[in-house]
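Reader: Hello! I am new to this structure and would love a close look at a single part of it. Could you walk me through how two of its pieces pack together, and then show me a few residues worth finding?

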Amino acid sequence: MRPQLFALALALACTGAAAQDVPAARQAELLRLLRQDCGSCHGMRLTGGLGPALTRQALAALPPDSLAATIYHGRPGTPMPPWNRFMSADEAQWLARQLRAGVPEVSP
């Protein structure tokens, strides 16, 4: 793992408790962002497309901190952009936990 990604993953790991404090309204916004923006590459049902599937089964082997780091920092050299302009590290951690738990359905 690159040193920057390791440092980010470590920082995200240390913010787990704070990540639970994402307000309900912001949670709804993040889930909409997931369905609309992430769905454009990962499939509208998050079962895969240009990007890999984001289902609970597909993510089961990935550490949540690694997933949060990917959301927040992106994957250089791939189409996966960093989302740090649109969410905090705590929010990326919260979203990673939602993905690993199986994202609930949200209305558009």
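Author: Happy to help; here is a short tour that starts with the whole chain, goes to one helix pair and ends with some single residues.

Please keep in mind that this is a predicted model. The protein has six helices and zero strands, so from the N terminus on you will read its elements as α-α-α-α-α-α. Of its 108 residues, 32% count as buried. If you take the contacts with a separation of 6 or more, 64% of them are between residues 24 or more positions apart.

Now for the close look. Please find helix H5, which covers residues 64-73, and helix H6, which covers residues 89-101. Their axes are 8 Å apart, and the two helices pack at an angle of about 125 degrees. Because of that angle, H5 is oblique to H6: 125 degrees falls neither in the range of 65 to 115, which would be roughly perpendicular, nor over 145, which would be roughly antiparallel. As for its handedness, the crossing of H5 and H6 is right-handed.

Which residues make this contact? On the H5 side, you can pick out Pro64, Asp65, Leu67, Ala68, Ile71 and Tyr72. Across from them, H6 brings Ala89, Ala92, Gln93, Leu95, Ala96, Leu99 and Arg100. Sorted by character, the residues where H5 meets H6 comprise ten nonpolar, one polar and two charged.

Next, please look at Trp83 and Phe86. A search of the whole structure finds one aromatic pair, and these two residues form it. Their ring centres are 5.4 Å apart, with 55 degrees between the planes, and the pair is tilted. The reason is that 55 degrees lies between the limits of 30 for stacked and 60 for edge-to-face. The partners also differ in how much of them is accessible: Trp83 counts as buried because its relative accessibility is 12%, whereas Phe86, with a relative accessible area of 44%, is partly exposed.

One last stop is Leu46, which you will find in the loop between helix H3 (24-42) and helix H4 (56-59). Leu46 is not a glycine, yet it has a positive phi of about 60 degrees. Although it sits in a loop, Leu46 counts as buried, because its relative accessibility is 3% and the cut-off for buried is under 20%.

Conventions:
Residues numbered from 1 in each chain as written. Predicted model: local features only at pLDDT ≥ 70, side-chain atom pairs only at ≥ 80, totals over all residues. Heavy atoms only, no water. Axes fitted to C-alpha atoms, helices over the stretch in contact; angles between N-to-C directions. Helix = DSSP H or I, 4+ residues; strand = E, 2+ residues; numbered from the N terminus. Parallel < 35°, antiparallel > 145°, perpendicular 65-115°, else oblique. Left-handed = near helix turned anticlockwise from the far one by under 90°. Contact = heavy atoms within 4.5 Å. Nonpolar A, V, L, I, M, F, W, Y, C, P; charged D, E, K, R; others polar. Phe/Tyr/Trp six-rings, centres within 6.5 Å; stacked < 30°, edge-to-face > 60°. Buried < 20%, exposed > 50% of the residue type's maximum accessible area, 1.4 Å probe, protein only.
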